[in-house]
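Student: I'd like to practise reading a structure with you, one feature at a time. Could we start with the strands and work outwards from there?

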Amino acid sequence: MKAPAKSSGSSSPAVSTPAASAASDPGRKPGERGRLDLFSLLAEHEHEQVSAYYDPSTGYRGIIAIHSTVLGPALGGTRFWSYPSDEAALRDCLRLARGMTYKAAVAGLNLGGGKSVIIGDNRTPRREALFRAHGRHVESLKGRYITAEDVGTSTSDMEYIKAETNHVTGLIGRSGDPSPVTAYGVYRGLKACARYRDGSESLAGKSIALQGCGSVGYHLAKLVFAEGADITCTDIDPQRVKRVVEECGATAVEPDAIYDVQANIFAPCALGAVINDDTVQRLQVEIVAGAANNQLAEDRHGDLLERRGITYAPDYVINGGGLINVNAELHGWAPERARSKAGEIYDTLLRVFEIAREEGIPSYQAADRLAEQRIAAIATVRRNFV
Ligand SMILES: NC(=O)c1ccc[n+]([C@@H]2O[C@H](COP(=O)([O-])OP(=O)(O)OC[C@H]3O[C@@H](n4cnc5c(N)ncnc54)[C@H](O)[C@@H]3O)[C@@H](O)[C@H]2O)c1
């Protein structure tokens, strides 16, 4: 993707991280083994900016990566994690920020992609000063980056951030649990897949193998059951399985057996990397479509699905309802508007499949193509009347 170049820089007060000092060593070759070349890394993934901030008084060590602001402010959650090295933290932050650009673009939102990481043990009880330091860091970017919850953070942490900046969302008592909106988007995605395969979007009589009966999986089960689908489900939590069995007439199987279930649709709603060397051969379905993030262990597993004639709904397209819900909070949308926007995932997926067919590429690549087309088109329009 060729996002317009913007100046790369770091906020003040910024520290000279190992990354930054490596980048400033003129004797160093780009990509030299064991050393980090910060600016090559930014160029490789076409990020606009990365900011690092260390606050000795709280022990806060945070990185904010802004991948693209072409469509709007870069939105992405704060991940609080004990990384093995600063480089691992930076790479994760850059990778996740880029993913957010693509997710927002295909969801049709006026948001760019960003992400932040706080390096440390996320079980720490000393949270206020830490998250307020993060809030100061976010504020220093003057709205180019908006943060939200992610792994290791909670809505109460967002409240601490809010004390220092308005560029935060996912606050207590606001948009609330995104799962019903996400599940509705996934449900509409399932229907688009059925339409693409069979010419009919109806899920009545279709068999669905549901992996994960948590927040999204449960709401999805209710929706497909109401339409007359047969559900086979699994979860590592027996209580969650029981609820779907009792309320949706589902048949339960052991967690590992879900990959061998003969069904029309496999709906992963639990973990990432579930389409891997082992499972891709075992699946006996026509469609893989579910809420889980990063379903493909590696891109090549998307190619393998394609080769097996299995229609794959790219994860970041079909699970965009969560981001749509966050966007709804930012802009004060009524719940019906968020739901209706999530419903558009139906048309977006059909467009993805069309691009895949026209260009002879797998659907996961077609999704990237669609995102890149939208970003490029809007960037062009925005150059007018400057
Ligand atoms: N909640 C959202 O709005 C949203 C939005 C976008 C993406 N997602 C993704 O969708 C997935 C589900 O999200 P959620 O909010 O329902 O999470 P959740 O934690 O409520 O549910 C996940 C369920 O998966 C189960 N599980 C874990 N390991 C399992 C295994 N090996 N086999 C079977 N079940 C297993 C858990 O016990 C749990 O019930 C996650 O990957 C999440 O990142 C969620």
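Student: In which sense do strand β10 and β11 pair, and over how many bridges?

Tutor: Good place to start, and please keep in mind that this is a predicted model. Strand β10, residues 265–268, pairs with β11 in the parallel sense, over 2 bridges. To find the register, look for bridge partners: F266 is matched with V288 in β11.

Student: What is the order of the strands in the sheet that holds β10 and β11?

Tutor: The order is β9-β8-β7-β10-β11-β12, an open sheet of 6 strands with parallel pairing. Its edges are β9 (251–252) and β12, each of which pairs on one side only.

Student: Now an antiparallel case, please. How many bridges join strand β1 to β2?

Tutor: There are 7 bridges between β1 (residues 49–55) and β2, and the two strands run antiparallel. They make a hairpin with 4 residues between them, and G59 in that turn has a positive phi of about 80°. For the register here, Y54 has R61 in β2 as its bridge partner.

Student: Which strand is joined to β2 by 6 bridges?

Tutor: That is β5, residues 112–119, which also runs antiparallel to β2. Across this pairing, A65 stands opposite K115 in β5. A general idea helps when you look at side chains: in a regular strand they alternate between the two faces of the sheet.

Student: How many residues of β2 are buried?

Tutor: The count is 9 of the 9 residues in β2 (residues 60–68), so this strand is largely enclosed by the rest of the structure.

Student: Is R61 buried or exposed?

Tutor: R61 has 21 other C-beta atoms within 10 Å, and the cut-off for buried is 20 or more, so R61 counts as buried. Leaving aside residues up to four places away in sequence, R61 touches Y54, I119 and G120. For a sense of scale, R61 and I208 are 44 Å apart, C-alpha to C-alpha, with their positions 147 residues apart in sequence.

Student: Let's turn to helices. Which residues of α10 are buried?

Tutor: The general idea comes first: an α-helix has 3.6 residues a turn, so residues three or four places apart point the same way. In α10, residues 299–307, the buried ones are H301, G302 and L305. They cover an arc of only 110° around the axis, which puts them on the same side of α10.

Student: Which exposed residues sit on the face of α10 turned away from that buried side?

Tutor: That face carries D299, R300 and R307. The buried residues of α10, in turn, pack against α9 (279–282), β11 (287–288), β12 (311–312) and α15 (363–382). After the helix comes G309, with a positive phi near 75°.

Student: How should I read the nonpolar core? How many residues does the largest one have?

Tutor: It has 116 residues, and those with the most contacts inside it are A209, L210, L220, A221, I231, I265 and L349. Helix α3 (residues 86–106) gives the most to this core, with 11 residues. Both domain 1 (18–101 + 111–162) and domain 2 (179–372) give residues to the core, so it lies between them. The centres of the two domains, taken over C-alpha atoms, are 30 Å apart.

Student: What does A209 touch?

Tutor: Beyond its neighbours up to four places away in sequence, A209 touches T232, I258, V261, A263, I265, F266, A267 and V285. One of these, F266, is the residue whose bridge partner in β11 is V288.

Student: Last, the ligand. Which of the 24 residues around the ligand come nearest?

Tutor: Those are T182, G212, G214, A270 and G322. The elements that give two or more residues to the shell around the ligand are α6 (179–198) and α7, and α7 gives the most, with 3 residues.

Student: Where does G217 lie, then?

Tutor: G217 lies in helix α7, residues 215–226. With 29 C-beta neighbours inside 10 Å, G217 counts as buried. Outside the four places on either side in sequence, G217 touches L210, G212 and C269. Among these, L210 is one of the residues with the most contacts inside the largest nonpolar core, and G212 is one of those nearest the ligand.

How values were computed. Residues numbered from 1 in each chain as written. Predicted model: local features only at pLDDT ≥ 70, side-chain atom pairs only at ≥ 80, totals over all residues. Core = buried A, V, L, I, M, F, W, Y, C linked by C-beta atoms within 7 Å. Buried ≥ 20, exposed ≤ 12 C-beta atoms within 10 Å, placed from the backbone. Domains from an automatic or database assignment. Contact = placed C-beta atoms within 7 Å. Pairing = 2+ DSSP bridges. Arc of directions from axis to C-beta. Near = placed C-beta within 6 Å.
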